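Q: Hi! I am new to reading structures and would like a close look at a single part of this one. Could you take me through the sheet?

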Amino acid sequence: MEYLRVTDESIKKGAEILKSGGLVAFPTETVYGLGADAFNPKAIARIFEAKNRPYFDPLIIHIASIDTLEKTANLSMQSKKTHDKLFKLAQNLWPGPLSIILPKNDKIPGIATSGLPTAAIRFPDNEAAQKLIALSSGAVAAPSANPFGALSPTRAEHVKTGLGEKVDLILDGGPCKIGVESTVLDITYDCIKILRPGGTPMEAIEELIGAVEGYDNNEQIDSGRQGLASPGLLKSHYAPDTPLTVLSREEIIKLPKEPNCASTQVNTENQKIAFLFFDGTAKDEWLSKQFGAQEPPDSFIVKVLSQSGDLLEAASRLFETLHEIDNFGVSQIFAQLAPRNGLGEAINDRLKRAAS
Ligand code: TXA
Ligand code: MG
C-alpha cells in the first residue's frame with residue numbers, strides 16, 4: 001500500500017492504478033471513498049473483498065461532469081417530467097453530496113449494482129476526486145472506504161487504520177468538508193424518494209423539484225434487511241465499537257444524576273463514559289446542573305459537535321469525533337440528537353444507526 005498526499009502526480013498515479021484494475025482510496029467532500037474502475041467487474045469485486053461487504057449492497061458510481069452522466073445511466077426510458085427534474089437537480093446540486101438512482105447503462109457491470117437494473121450516480125464536490133475520475137475511465141465505483149459496518153472515514157488516516165494493505169494507494173486530501181455521506185435520492189420512476197438522508201438536505205431538493213417522499217428513519221432501521229429500498233441501509237451501520245445511546249437535549253442534561261429519566265443506566269464505576277453534545281449551550285447547562293462550577297471527573301469524556309450549534313460544522317465533525325471517542329476506550333456513549341432540519345436529519349440517522 002502506498003500513502004501519498006494529493007498532488008497532480010499522485011492523482012495521475014491513482015488514475016493509472018484504477019485503469020489497471022487496482023483500488024485507490026480518495027477524498028470526497030463527504031467521506032473517503034474506496035474506488036475501482038466502474039466498468040471493470042474484477043476490480044469491483046476487490047472492493048467487496050477489501051471491505052468484507054456483502055454483495056447485495058450496491059456501490060455508488062462517481063462521475064466528474066454532468067456530460068458524462070449517460071456513460072453510466074440510461075435515460076431513454078424516463079418521462080419528460082422526470083428527466084426535467086433530474087437535470088434541475090444535477091445542474092443545481094452537482095457537484096455535491098447527492099447520489100441519484102437512475103436506470104443503469106449496460107456498460108456498468110451487475111456486480112457494481114448488486115444485480116439491480118439501477119445505479120446510484122454522484123458527481124462529488126472535491127477537486128482531487130474529480131481529477132482522479134476524469135483521468136481514469138470517467139466513472140469510479142466507490143463505497144465509503146471503511147470495513148463493512150464500521151464508522152465512515154473522514155480522514156485518510158482512518159482509511160489507513162481500517163483497510164491498510166487491502167488498498168493499493170491512499171490519497172490524502174485532508175479532512176472531509178461535509179463529513180456525512182451523500183443523500184441517496186431515487187428518481188428512477190416518477191415517484192421520487194429519499195432512500196438515505198445525507199449531505200444534501202431534503203429542503204434543498206424540494207425547493208428545486210417540489211415535494212418528494214421523505215425518509216422514515218424508524219421504519220428503515222426497524223425493518224432490518226428485508227424489503228429495504230436501499231439495500232445498504234442495514235440496521236447497525238456506521239457503528240463505533242462502544243454502545244451508544246441517543247437522547248434528546250432535555251434527557252441528556254439530566255444524566256447521570258437522574259438516570260431513570262432516559263430509562264438508561266449510567267455506570268461510572270471504574271469506567272470511562274463519553275458525553276457527545278450537539279451544541280455548546282447544552283453542554284454548559286449539563287455541566288452546571290451536574291457538577292456546579294466544578295470540572296467533571298476524569299472518567300467523563302466530554303465532546304461538543306458544534307459550539308454554536310451549526311449543523312454543517314456538527315456533521316463535518318460527527319464521524320471524526322466518534323472515531324476519537326472510540327480510541328479513549330469508553331464503556332458507554334451518550335449522544336444528544338441534533339435539531340431535525342437541514343443536515344440534522346442525516347446526523348440523527350447516523351447516530352441512531354450507531355446506537356442500534
Ligand atoms: O458520500 C457518499 O455517498 C460516499 C462517498 C464515498 O461518495 N459513499 C458512500 O457509499 O456512502 P456507500 O456504499 O457506503 O453507500 C451507498 C449507499 C448504500 O446505502 C446503497 O445501498 C445505496 O447507496 N445504493 C447504491 N446503489 C443503489 C441502488 N441502485 N438502489 C438503491 N440504493 C443504492
Ligand atoms: Mg458506507
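In what order do the 10 strands form the open sheet?

A: Happy to help! This is a predicted model, where local features need pLDDT of at least 70, side-chain atom pairs count only at pLDDT 80 or more, and totals for chains, interfaces and linings use all residues; side-chain values use heavy atoms, without hydrogens and water. Residues are numbered from 1 along each chain as its sequence is written, while chains are lettered from A and ligands numbered from 1 in the order in which they are written.

The order is S1-S8-S2-S3-S7-S4-S6-S5-S9-S10, with mixed pairing. Strands (E, at least two residues) and helices (H or I, at least four) are DSSP runs, numbered from the N terminus, and two strands pair if DSSP finds at least two bridges between them. At the edges stand S1 (2–5) and S10 (193–196), each with a single partner strand, so one side of each has no neighbour in the sheet. On average, neighbouring strands are turned by 35 degrees against each other, direction ignored.

Now look at one pair: S5 (residues 98–103) and S6 (residues 118–122) are antiparallel, joined over four bridges. Ile101 has Ala120 in S6 as its bridge partner.

Helices pack on the sheet too. H1 (residues 8–19) touches S1, S2, S3, S7 and S8, and its direction makes about 150 degrees with that of S8. H4 (residues 80–93) touches S5 and S9, its direction making about 150 degrees with that of S5. Here, contact means heavy atoms within 4.5 Å, and angles run from 0 to 180 degrees between N-to-C directions of axes, which are lines fitted to C-alpha atoms, for helices over the stretch in contact.
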